[in-house]
Amino acid sequence: MALALLVGCGSASPPPEAPKLLTRAEADARTVVPFTRGVRLDKAGRIVDVTFDAPAVVDPQMSWLKLGLRLHGAEQKPVSEATENLRQGVLQARIVLQRLDGSGAKVIPLSRPSSGGRSMQVLPEGGYVERLSPGGVDSYPLEQVGLKSKDVFYLVLQIADAGLIDAGRYRVTLDLLEDRPDLKDVQPEFIAAYYSLGK
C-alpha cells in the first residue's frame, strides 16, 4: 500500500512553471501582439513607433485589438491613483495604425468609447485624441509571453480600439502634442493587446 502511494506521488506531473517575466529591454524588442513599450509622457514628440505582426487568431473573438497605456506596480493604491489622474486629465495625442503588407500602407480606422461609454465613435482624421478611457485586455496571452506577472498590479487606459483586425504586418505611431512636465513621474507602458469579445 505504501509503495503504491509512493508510486502515485512520483507519477504526478509538476505544475507548469509560470513564464519568466520579460525585462524592459526584452519587452521592447518584442514585435508580435501582444507587446508593450516603455514610454514617457512629459515631453512632446513621438513616443511610440513600432512595426509589428498580428498573428492569425484561431478564435475570431480574440482578435479585437486595443491600444492603450498600462500602469503597474507592487501596490494597488498608487497605481489606481495615477491611473485615475491620467483618465481625468487631458492628454493631447495623435495615434495612427497602418497595415503594411499588400500594395502599400493603408491607414486602419480607429475608434474609442463615446463620452458616455455606451457606444464607439471613430477617431477624427489624423487620429487625434484628447482623453483616455478605462480599458481592459486579456490577461492570459500577456502572462504566456512574459508581459504580466501575478505579483504585480496592472491597470490599462485605452487610447484607441482597432477592432477586429486581420493577421498581417502593421505599424503604430503615437505622438504627444504638448509638453506635460506634470507627468514627469508617470512612466507607463504603451500596450497593444487583444480583448475577448466573449467576456
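Three aromatic pairs, that is 3 by the rule that ring centres lie within 6.5 Å, give a way into this predicted model. Take F35 and F190 to begin with. Their rings sit 6.4 Å apart, centre to centre, with 40° between the planes. That makes the pair tilted. F35 belongs to strand β1, residues 35–38, and F190 to strand β12, residues 189–195. The two parts are 155 residues apart in sequence, so the pair ties them together across that span. Neither ring is left open to solvent by the numbers: F35 is buried at 0% relative accessible area, and F190 is buried at 0% as well.

Next comes F52 with Y170. This pair is stacked, at 5.7 Å centre to centre and 20° between the planes. F52 lies in strand β2, residues 45–54, while Y170 lies in strand β11, residues 168–176. Here the linked parts are 118 residues apart in sequence, so this pair also ties together separate parts of the chain. F52 and Y170 are both buried. The four rings belong together: F35, F52, Y170 and F190 form one aromatic cluster.

Strand β11 deserves a closer look. Of its 9 residues, 7 are buried, so the strand is largely enclosed by the rest of the structure. What are its partners? β2 runs antiparallel to β11, and 9 bridges join them. Strand β4, residues 93–99, is also antiparallel to β11, with 7 bridges between them. R171 shows both pairings. It stands opposite T51, and it is the bridge partner of Q98.

Now the nonpolar core. Nonpolar side chains tend to be buried together in soluble globular proteins. The largest core here has 37 residues. Which of them touch the most other members? They are F52, L65, I95, I159, V172 and F190. The core draws at least two residues from each of β2, β3 (64–73), α3 (76–88), β4, β10 (153–164), β11 and β12. A second, separate core has 7 residues, including L142, L147, V156 and A193.

F190 appears in the aromatic cluster and among the core residues that touch the most other members. Its contacts, leaving aside neighbours within four places in sequence, are F35, T36, R37, V39, V48, L67, G68, L69, I95, I159, V172 and L174. I95, I159 and V172 in that list are also named among the core residues with the most member contacts.

Two charged side chains sit over rings. K66 lies over the face of Y195, at 5.2 Å from the ring centre. R94 lies over the face of Y128, at 5.9 Å from the ring centre.

Step back to the whole protein. There are 4 helices and 12 strands. Buried residues make up 39% of the 199 residues. Among contacts with a separation of 6 or more, 77% are between residues 24 or more positions apart. The aromatic pair of F35 and F190 links parts 155 residues apart, and that of F52 and Y170 links parts 118 residues apart. The accessible surface comes to about 11300 Å². Carbon and sulfur atoms account for 55% of that surface.

Key
Residues are numbered from 1 along each chain as its sequence is written. This is a predicted model: local features need pLDDT of at least 70, side-chain atom pairs count only at pLDDT 80 or more; totals for chains, interfaces and linings use all residues. Side-chain values use heavy atoms; hydrogens and water are left out. Rings of Phe, Tyr and Trp (its six-membered ring) pair if their centres lie within 6.5 Å; planes under 30 degrees apart count as stacked, over 60 as edge-to-face and the rest as tilted. Buried means under 20% relative accessible area, exposed over 50%, partly exposed in between (1.4 Å probe, protein chains only). A charge sits over a ring if NZ of Lys or CZ of Arg is within 6 Å of the ring centre and within 35 degrees of the ring normal. Two strands pair if DSSP finds at least two bridges between them. A nonpolar core is a set of buried Ala, Val, Leu, Ile, Met, Phe, Trp, Tyr and Cys residues joined through side-chain atoms within 4.5 Å. Contact means heavy atoms within 4.5 Å. Accessible areas come from the Shrake-Rupley method with a 1.4 Å probe; for residues, only the protein chains shown count as cover.
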